[in-house]
Amino acid sequence: MGGNDAPLAGPDLARGVALGEVPDGGILLGHVGDEAVILVRPAGRDEVFALGATCTHYNGPLAEGSFDGDTIRCPWHHACFDCRTGEALAAPALTPLPSYSVERRGSSVIVGAKREHAVPARRPAKVPESVIIVGNGAAGNAAAEMLRREGYEGPITMIGAEPTRPVDRPNLSKDYLAGSAPEDWVFLRPEDFYAAQHIELALGVRVAAVDTAARRVVLSDGSSKSYGALLLATGSDPVKLTVPGADAAHVHTLRSLADSRAIIAAAQAAGAARAVVIGASFIGLEAAASLRVRGLEVHVVAPGARPLERVLGPELGDFIRGLHEEHGVVFHLGRKPAAFEDGAVVLDDGSRLPADFAVVGVGVRPRTELAERSGLKVDRGVVVDAYLETSAPGVYAAGDIARWPDAATGEPVRIEHWVVAERQGQTAARNMLGRREPFRTVPFFWSQHYDVPINYVGHAESWDRIEIAGDLAAKDALVAYRRAGRIAAVATVYRDKESLEAESLLARGDHAGLDALVS
Ligand SMILES: Cc1cc2nc3c(=O)[nH]c(=O)nc-3n(C[C@H](O)[C@H](O)[C@H](O)COP(=O)(O)OP(=O)(O)OC[C@H]3O[C@@H](n4cnc5c(N)ncnc54)[C@H](O)[C@@H]3O)c2cc1C
Ligand code: FES
């Protein structure tokens, strides 16, 4: 789950530092007692703010992030915090940073006590009678939390088919599956959080239909409930194979905590030694890496010539393949499974790979059936406007199912990323409360293979050219995807600052700046 156990560094800020030591427009890392603290100073201004130095998502080092005068962004997964209050403005961090009082004495800055209630209370402009959220995943959870943060005091009900409170889904293929994170870490919030926030959880139950005219949802248990505003955040289903044996108990897909638990149980079963992963997708490869960490022999079967080539291009595809091979993964590329047997996977060339169990990671399909059944406009995703509202007033959609007009191109896009889903949940919540805030976030995702993180900003379903700055073999590179002459997306390996910079440049549409990143 990441972690930043760096020893305390920099000056003791409780004793004070000269203002001149805090870079103009920059960040100074220090500490107060045994807590790491950063001082930030907006450019050209005489103000200094003191905040916790550790990101509340996975403990990323904020002193290595970026600061634009108002907000601080984390170098690891681009969470965004308000420099004045520490508020977690944009996911994946959901919890504010501690904020400290700052005293000026002459030319010195002295950091005092933590400030209580640094984040100001807000009042919504519009108050729906009640809010129902369909889906207990990334977008649903982020929306529920944001409604409360924005001061909404009415009833919130989160209805979710998964029987557990919301989990950190990316972790299910990474540290949790690898055995390096305990199950407690997988939940986004502690057990008592939702009750304390007066968010009602209806878990293990599905919404079967929405009557948008009567503003009611009908649940799979036959009950129904009315809403003032509704969020659909039903996510995706893993694609299931149809070859013989694909529905056998030892053939797993990976979406939920139950799926991850089942794979762990299979890996820990007496005598389990070999796993076959079908699909060189992000989830397939992350599962392969985690199973290698558990000491299993892992074979990956995929139809393409390279892993992830369609998403990341041949250069990064080869790099990722090499990385997995260095860790002992055996690839069977250009191959598909023909059947799953007890103890083996049969490939389409007739060869047999011994396997105690298999993990199928061949992509996902957005769960749009509920929206379709409810008469909402659906076109390869639930169609929403820039405010994430569907074709039915008061009904919003967010996350994997939503197809929205991309701010950069105006083209409708649907994207399956954790941070996009959470930020859409947050935007939809604010818009239910009358904010009229268009969703403009530059898409971001990360993927982790052993100790190598890959960060990706922007969106390029296709490209004309790939340009690389740095050296992939040395695990220090930036890969730019250029379409119609412009850089549409940037992937980085250990170049976190440049990933943050690329995100800002893409947000501003600064194409010359983007070109300079690869020159
Ligand atoms: C193992 C794994 C690892 C991943 N790693 C990464 C990563 O590293 N980086 C990244 O960017 N993305 C990652 N993703 C993708 C990311 O998790 C998804 O994009 C994100 O979870 C989408 O959020 P969502 O809210 O749309 O859907 P989900 O998080 O899938 O939540 C949807 C919820 O809706 C519930 N539901 C569905 N239908 C109904 C219904 N009718 N009634 C009630 N409830 C319903 C489901 O049970 C589910 O709980 C990963 C995904 C998986 C599975
Ligand atoms: S550790 Fe900061 S965003 Fe993930």
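In this predicted model, an oxygen atom of ligand 1 is found 3.4 Å from a polar backbone atom of His417. A shorter separation is listed for Asn136, where a polar side-chain atom lies 2.7 Å from an oxygen atom of ligand 1. The backbone of Ala161 takes part too, with an N or O atom placed 3.0 Å from a nitrogen atom of the ligand. In total, 32 residues surround ligand 1. The closest of these are Asn136, Glu162, Lys174, Arg255 and Asp400.

Attention turns next to the parallel sheet and the helices that pack on it. Five strands make up this open sheet, and they follow the order S13-S12-S11-S17-S29 with parallel pairing. Its edges are formed by strand S13 (199-203) and S29, each of which pairs on one side only. On average, and with direction ignored, neighbouring strands of the sheet are turned by 20° against each other. At the S29 edge, three bridges link strand S17 (residues 229-232) to S29 in the parallel sense. One pairing can be picked out by residue: Leu232 has Ala397 in S29 as its bridge partner.

Helix H1 packs on this sheet and touches strand S11 (131-134), strand S12 (156-160), S13 and S17. The direction of H1 makes about 175° with that of S12. Helix H8, in turn, lies across S11, S17 and S29, and runs at about 170° to S17. Strands S11 and S17 thus appear in the contact lists of both helices.

The two helices also meet each other. The axes of H1 (residues 138-149) and H8 (residues 418-432) come within 7 Å and cross at roughly 40°, and the crossing is right-handed. From H1, the contact draws on Ala138, Ala139, Ala142, Ala143, Met146, Leu147 and Arg149. Their counterparts in H8 are Trp418, Ala421, Glu422, Gly425, Gln426, Ala429, Arg430 and Met432. Sorted by class, this contact comprises ten nonpolar, two polar and three charged residues.

A second open sheet has three strands in the order S14-S15-S16, paired in the antiparallel sense. Strand S14 (207-211) and strand S16 (224-226) stand at its edges with a single partner strand each, so one side of each is left without a neighbour in the sheet. Here too, the average turn between neighbouring strands is 20°, direction ignored. Strand S15 (residues 216-219) is joined to S16 by three bridges, and Val217 stands opposite Lys225 in S16.

Antiparallel pairing is also found earlier in the chain. Strand S3 (residues 35-40) is connected to strand S4 (residues 49-52) by four antiparallel bridges, with Gly52 in S4 as the bridge partner of Val37. S4 pairs as well with strand S9 (residues 99-105), over two bridges and again in the antiparallel sense. In that pairing, Leu51 stands opposite Ser99 in S9.

Finally, two loops hold backbone features worth a look. The peptide bond from Ala91 to Pro92 is cis, with omega near 15°, and Pro92 sits in the loop between strand S8 (88-90) and S9. Leu388 has a positive phi of about 70° although it is not a glycine. Leu388 belongs to the loop between strand S28 (382-383) and strand S29 (395-397), and S29 is also an edge strand of the five-stranded parallel sheet.

Definitions and conventions: Residues numbered from 1 in each chain as written. Chains lettered and ligands numbered in written order. Predicted model: local features only at pLDDT ≥ 70, side-chain atom pairs only at ≥ 80, totals over all residues. Heavy atoms only, no water. Pairing = 2+ DSSP bridges. Axes fitted to C-alpha atoms, helices over the stretch in contact; angles between N-to-C directions. Left-handed = near helix turned anticlockwise from the far one by under 90°. Contact = heavy atoms within 4.5 Å. Nonpolar A, V, L, I, M, F, W, Y, C, P; charged D, E, K, R; others polar. Near = heavy atom within 4 Å. Polar contact = N/O pair within 3.5 Å; in protein donor to acceptor, adjacent residues only side chain to side chain.
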